[in-house]
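Please look through the model below with its terms in hand, since each answer sets a value against a stated rule.

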Amino acid sequence: MTKIILHGCNGRMGQMLTGLLKEDPEAEVVAGVDGYTGIANNYPVFTTIDECDVQADVVIDFSNAKAADGLLDYCVRTKTPVVLCTTGLSEEQLVKVEEAAKETAVLKSANMSLGINLLMKLLKEATPTLAAAGFDIEIVEKHHNQKLDAPSGTALALADSINEASDGAYHYVYDRSQERKKRDSREIGISAVRGGTIVGDHDVIFAGTDEVITFEHRAYSRAVFGKGAIQAAKFLAGKPAGRYDMSDVI
Ligand SMILES: NC(=O)C1=CN([C@@H]2O[C@H](COP(=O)(O)OP(=O)(O)OC[C@H]3O[C@@H](n4cnc5c(N)ncnc54)[C@H](OP(=O)(O)O)[C@@H]3O)[C@@H](O)[C@H]2O)C=CC1
Ligand SMILES: O=C(O)C1=N[C@H](C(=O)O)C[C@H](O)C1
């Protein structure tokens, strides 16, 4: 039985995981951490990770970027593996993730769904051919109106996959409102739409002369992220210190 601490247990993803794990015979939530305490759970909930005195095999984190430093300190101190799903981390925090991975197992992924992780592989395959043929690349992501960070972590990860297949040739452009010149061929435009309850849409558009290829991913439920996070947690429990990602799991 994999024992899990849910960091951000009362948020949208935390509650999705609480529901999924109730039905899981191989894993259980032994504690939760959340600033918001208005929800009754079938496990103890602490308001900070430092107050959490329950031992676990792994932490799953869907919380807030502001909470990342404290969480990483806790995981290093207690040598608890962590599945980091929160997006919008700063450059300094990304360095801290790498440092933490020298002391404990850290799996960080901006998107836990099978579809997006497969799409990252497909993009690495498609990019060299399409880039050589002069296709322009644009990414459009759409999310619900409660999302804090923009662009999404997934949009950045998709752009990074394209760049990895192109020896880092591309730079990212997030806002063209001040521009009075044509796009250059080495940019990836990344646009964010926010509204309603959209769970998470990502389009990667390769626009060439007289033809366009669009890779689309639509998440219709947060269950796709929740299931991936549980799979990742089961994989990571007991693993030695190091940096892992979803390609190790899927
Ligand atoms: N990797 C992936 O596949 C996915 C990643 N995400 C990312 O996960 C994160 C959470 O998303 P979502 O569940 O929609 O967001 P929510 O805002 O619904 O939930 C986040 C929860 O974390 C709580 N929280 C805030 N600060 C802390 C803290 N210091 N310690 C513990 N809990 C804290 C919040 O409490 P309060 O309301 O009191 O602030 C809230 O209940 C986002 O960064 C999102 O982008 C989301 C979906 C998929
Ligand atoms: O905040 C969300 O909701 C999501 N965030 C992740 C991101 O920023 O990429 C993943 C998913 O698209 C949902």
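A salt bridge is a side-chain nitrogen of Lys or Arg within 4 Å of a carboxyl oxygen of Asp or Glu. This is a predicted model, in which local features need pLDDT of at least 70 and side-chain atom pairs count only at pLDDT 80 or more, while totals for chains, interfaces and linings use all residues. Residues are numbered from 1 along each chain as its sequence is written, and side-chain values use heavy atoms, with hydrogens and water left out.

Q: Why is the pair of D201 and R218 called a salt bridge?
A: The N to O distance between the side chains of D201 and R218 is 3.7 Å, and the rule asks for within 4 Å, so the pair qualifies.

Q: What makes D201 count as buried?
A: Buried means under 20% relative accessible area, exposed over 50%, and partly exposed in between (1.4 Å probe, protein chains only); D201 has 14%, so D201 is buried.

Q: Why does R218 count as partly exposed?
A: The relative accessibility of R218 is 25%, which falls in between the two cut-offs, so R218 is partly exposed.

Q: Why is E216, a salt-bridge partner of R218, called exposed?
A: The relative accessible area of E216 is 54%, and the cut-off is over 50%, so E216 is exposed.

Q: How do you know that R183 and E138 meet in a salt bridge?
A: Their side chains are 2.8 Å apart, N to O, and this distance lies within 4 Å, so the rule is met. E138, at 17% relative accessibility, counts as buried, whereas R183, at 26%, is partly exposed.

Note on methods
Chains are lettered from A and ligands numbered from 1 in the order in which they are written.
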